[in-house]
Amino acid sequence: MRWQEVFPVLVSIGVIMVVGILERQSRILAALIATMPLTAPLALWIVFNSSRGEQVAVTQFSLGLVLGTLPTVTFLVVVWLAARQGLRLGPMLMAGYATWGGVAALCPLALRRVLGLWTGQ
């Protein structure tokens, strides 16, 4: 296994550990760290290296990252609304992931449309 494959995993584990430690002292800070851009830059690093920095590949992947935030935001909003309703963790997560899946299913269609408009096709 190469360092490029191991490093993102180690960073992710480190962030999860930091969130677990900080959660007791500041839930807001722990939440901020939990939602920081971590996987997107790591994935972008992997795509950049595997495509040898090819502009089209990196640009298309970056646009996919932008569109990928839409399902994540809807997941978080639904989980927040479910928590406000007093749901337990399991139903909160199920509702969030169900919504995430529905929105994520639409993202490839939106990506094709945006890319078509962007490239003039």
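This dialogue reads several features of a predicted model.

Colleague: On what basis should the model be read, and how are its residues numbered?

Modeller: Residues are numbered from 1 along each chain as its sequence is written, and side-chain values use heavy atoms, with hydrogens and water left out. As this is a predicted model, local features need pLDDT of at least 70 and side-chain atom pairs count only at pLDDT 80 or more, whereas totals for chains, interfaces and linings use all residues.

Colleague: How do helix 3 and helix 4 cross?

Modeller: Helices are DSSP runs (H or I, at least four residues), numbered from the N terminus. Axes are lines fitted to C-alpha atoms over the stretch in contact, and angles run from 0 to 180 degrees between N-to-C directions. Here the axes of helix 3 (residues 39-50) and helix 4 (residues 55-84) come within 10 Å and cross at roughly 160°. The two helices are therefore roughly antiparallel, a term for angles over 145 degrees.

Colleague: Which residues make the contact between helix 3 and helix 4?

Modeller: Contact means heavy atoms within 4.5 Å. Helix 3 contributes Ala-40, Ala-43, Leu-44, Val-47 and Phe-48, and helix 4 contributes Ala-57, Val-58, Phe-61, Ser-62 and Leu-65. Of these residues, nine are nonpolar, one is polar and none is charged; Ala, Val, Leu and Phe are among the nonpolar types, and Asp, Glu, Lys and Arg are the charged ones, the others being polar.

Colleague: Is Val-58 buried or exposed?

Modeller: Buried means under 20% relative accessible area, exposed over 50%, and partly exposed in between (1.4 Å probe, protein chains only). Val-58 is buried, at 16%. Leaving aside neighbours within four places in sequence, Val-58 is in contact with Leu-44, Phe-48, Ser-51 and Gly-53. Val-77, also found in helix 4, is partly exposed at 39%.

Colleague: Which residues form the largest nonpolar core?

Modeller: In soluble globular proteins, nonpolar side chains tend to be buried together. A nonpolar core is a set of buried Ala, Val, Leu, Ile, Met, Phe, Trp, Tyr and Cys residues joined through side-chain atoms within 4.5 Å. The largest one has seven residues: Val-15, Val-19, Leu-22, Ala-30, Ile-33, Leu-38 and Leu-42. Helix 1 (3-22) and helix 2 (27-34) each supply at least two of them, and the largest share, three residues, comes from helix 1.

Colleague: What is the phi of Arg-52, and where does this residue lie?

Modeller: Most residues other than glycine have a negative phi. Arg-52 has a positive phi of about 55° although it is not a glycine. Arg-52 lies in the loop between helix 3 and helix 4 and is exposed, at 77% relative accessibility.

Conventions. Parallel < 35°, antiparallel > 145°, perpendicular 65-115°, else oblique.
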